[in-house]
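Subject: Handing over a structure, with notes

Dear colleague,

I am passing on the structure below, together with some notes that I hope will help you as you look through it. Please keep it open beside this email while you read.

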Amino acid sequence: MKSLAAFKAALFVLCLVPLARLVFFAFTDRLGANPIEFVLRSLGTWTLTLLLVTLSVTPLRRLTGWNSLIRVRRMLGLFAFFYACLHFLTYAGVDQSFDLSAILADVVKHPYITVGFTCFVLLIPLAATSTNAMQRRLGGRRWQLLHRLIYVIAAGGVVHYLWLVKKDITQPLLYGLVLAVLLGLRLWWRRQPARAAFSRPPG
Amino acid sequence: MRIRRSPDILSSEITDQDLYLNRRKFLTVAGVTLGAALVGGKTAPAFSALPPSMAVGESLLAAPSAFPNLRKSPLSASESPNSLRDITTYNNFYEFGTDKADPAQNAHTLVTRPWTVRIDGEVKRAQSVDVATLMRWSPPEERIYRLRCVEAWSMVIPWVGLPLAAIIKHAEPTSRAKYVEFTTLNDPKQMPGQRRGVLDWPYVEGLRMDEAMHPLSILAVGLYGDILPNQNGAPLRLVVPWKYGFKSGKSIVRIRFTEQQPATSWNMAAPGEYGFYANVNPAVDHPRWSQAKERRLGEFTKRPTLPFNGYAEQVASLYSGMDLRKFY
């Protein structure tokens, strides 16, 4: 129990490192010639990374048998939301100077923004229902159904990245590959529930 | 053609005189130091062994400044240029990697001396010339130009450039020449980015003859009064300031005159996104993002993009009667 608390605290600090890095870079003139783009891209890729990390909790539990990992999943998901908020605020506030008509036109006209914005909006109900109380109020089944939205959101995040890249799609494809593995494992396990969980040679 | 300076320049956009002079001083000192190092070092005797045409180019390095008595041009913008650091660390030059920080890291493998350019196609006489010859054909001038990238960022860059029109006249194209094609070096040993098929190498760009002959079109050989850094397209880079940056073929090894419109790299890679003309046009969006505004590097809020990147008065007549939505 104590070791889990320590692990969780360490993970909390670790999740703040990407933000601390940006702040450090900002104060030491390391954000490059286009700092706004640098920060926007960095926050975007960290959002996607944390979504994938959140999605890897279930497969990791299954592979390692370390069931307490479930206790850090909510925190990881909320960190993904935290970076998504920073990413969106950097876009809307810093990049677009809160020019609402420009933002609206961007969301409507440009598919990669449409997808990215949709994913951000879809994250909100997941963050809002992340508390124990909300989970109880919704009931386990409905809550779980709602939170399956994360599969759609993560896939949308990869598409958002893929559609914004000019030509070299290596990076978004890597994220896509990791996502495919994480979702593929779930499908694989689903197809053979008995064997995976309680495999034992027939006596 | 009427040459006009943009009338409405904010005083804040003009480089402070002291800063400007200090920069000159720094560049001169840097040039002297570099020159002294070269002359004083073991490399000096080698210069005399070079063929005469090379020696002209090489001797520039040993001079107090790379380009002494550089002529200023009334075609220069009077906006304050971006810093040398910005201009040399934020580059789209896929031959050295697709990240904008890659070229500054990787371009040192490019050998720019000696360098010859093949001039052929629809010309009276095909020939290979070195950079020094091109500089004799068309003496270098300082040209401070805005650069607008198709990715919606922009810079102001103090190029040292050779007016392209004079070079074309010396190349003596025939009456069949309607276009000029510029080909970048294709050598994966020197250009590590070419080991991946991100684009169909070599990089090819092209202009219509009247665009190439326009007084604004130059072949850049320098930056901030000094030799052009490799990551900016050394030793020879096309600069056409009213077009998106990707039209600027870099490290050019071939200039070919053609009757047909050349097949250009980005246009072939994504014809729906990058046209042959690629004139800066705030009214025609890239299919995936808006072109209405741009971020001038160093500025916080975006500024509106101007038609033809602010050079409409000089170049719009080249396209009269053309549907610029169709010929984007």
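In which sense do strand 11 of chain B and strand 12 (residues 303-304) of chain B pair, and over how many bridges? They pair in the antiparallel sense, over two bridges. Strands here (E, at least two residues) and helices (H or I, at least four residues) are DSSP runs numbered from the N terminus, and two strands pair if DSSP finds at least two bridges between them.

Before going further, please note that this is a predicted model, in which local features need pLDDT of at least 70 and side-chain atom pairs count only at pLDDT 80 or more, while totals for chains, interfaces and linings use all residues. Residues are numbered from 1 along each chain as its sequence is written, and chains are lettered from A and ligands numbered from 1 in the order in which they are written.

Strands of chain B

Within the pair just described, B:Glu294 has B:Arg303 in strand 12 of chain B as its bridge partner. The two strands form a hairpin with six residues between them, and B:Gly298 in the turn has a positive phi of about 100 degrees. Strand 11 (residues 293-296) of chain B is also joined by two bridges to strand 4 (residues 153-163) of chain B, and these two run parallel; here B:Trp153 stands opposite B:Arg295.

Chain B also has an open sheet of five strands in the order 2-1-10-5-6, with mixed pairing. Strand 2 (127-130) and strand 6 (204-208) of chain B stand at its edges, each with a single partner strand, so one side of each is left without a neighbour in the sheet. Within this part of chain B, strand 5 (residues 179-184) and strand 10 (residues 252-258) pair in the antiparallel sense over six bridges, and B:Thr184 has B:Ile252 as its bridge partner.

Helices of chain A

Helix 9 (residues 149-164) of chain A and helix 10 (residues 170-191) of chain A have axes that come within 9 Å and cross at roughly 160 degrees, where axes are lines fitted to C-alpha atoms over the stretch in contact and angles run from 0 to 180 degrees between N-to-C directions. These two helices of chain A are therefore roughly antiparallel to each other, whereas helix 4 (residues 73-95) and helix 6 (residues 111-128) of chain A, which pack at about 140 degrees with their axes 10 Å apart, are therefore oblique. (Angles under 35 degrees count as roughly parallel, over 145 as roughly antiparallel, 65 to 115 as roughly perpendicular and the rest as oblique.) Among the residues where helix 9 of chain A meets helix 10 of chain A are A:Tyr151 and A:Leu162 on the helix 9 side and A:Pro172 and A:Leu183 on the helix 10 side.

Between the chains, 11 residues of chain A are in contact with 15 residues of chain B, contact meaning that the C-beta atoms, placed from the backbone, lie within 7 Å.

Confidence

The mean pLDDT (the predictor's confidence in each residue, from 0 to 100) is 93 for chain A, with 94% of its residues at 70 or more, and 87 for chain B, with 80% of its residues at 70 or more. Over residues 31-64 of chain B pLDDT stays under 50, and the same holds over residues 198-203 of chain A, for which the model has zero contacts beyond four places in sequence. Where pLDDT is low, the predicted coordinates should not be read in detail. The model scores ipTM 0.87 and pTM 0.84.

With best wishes

Methods:
Contact = placed C-beta atoms within 7 Å.
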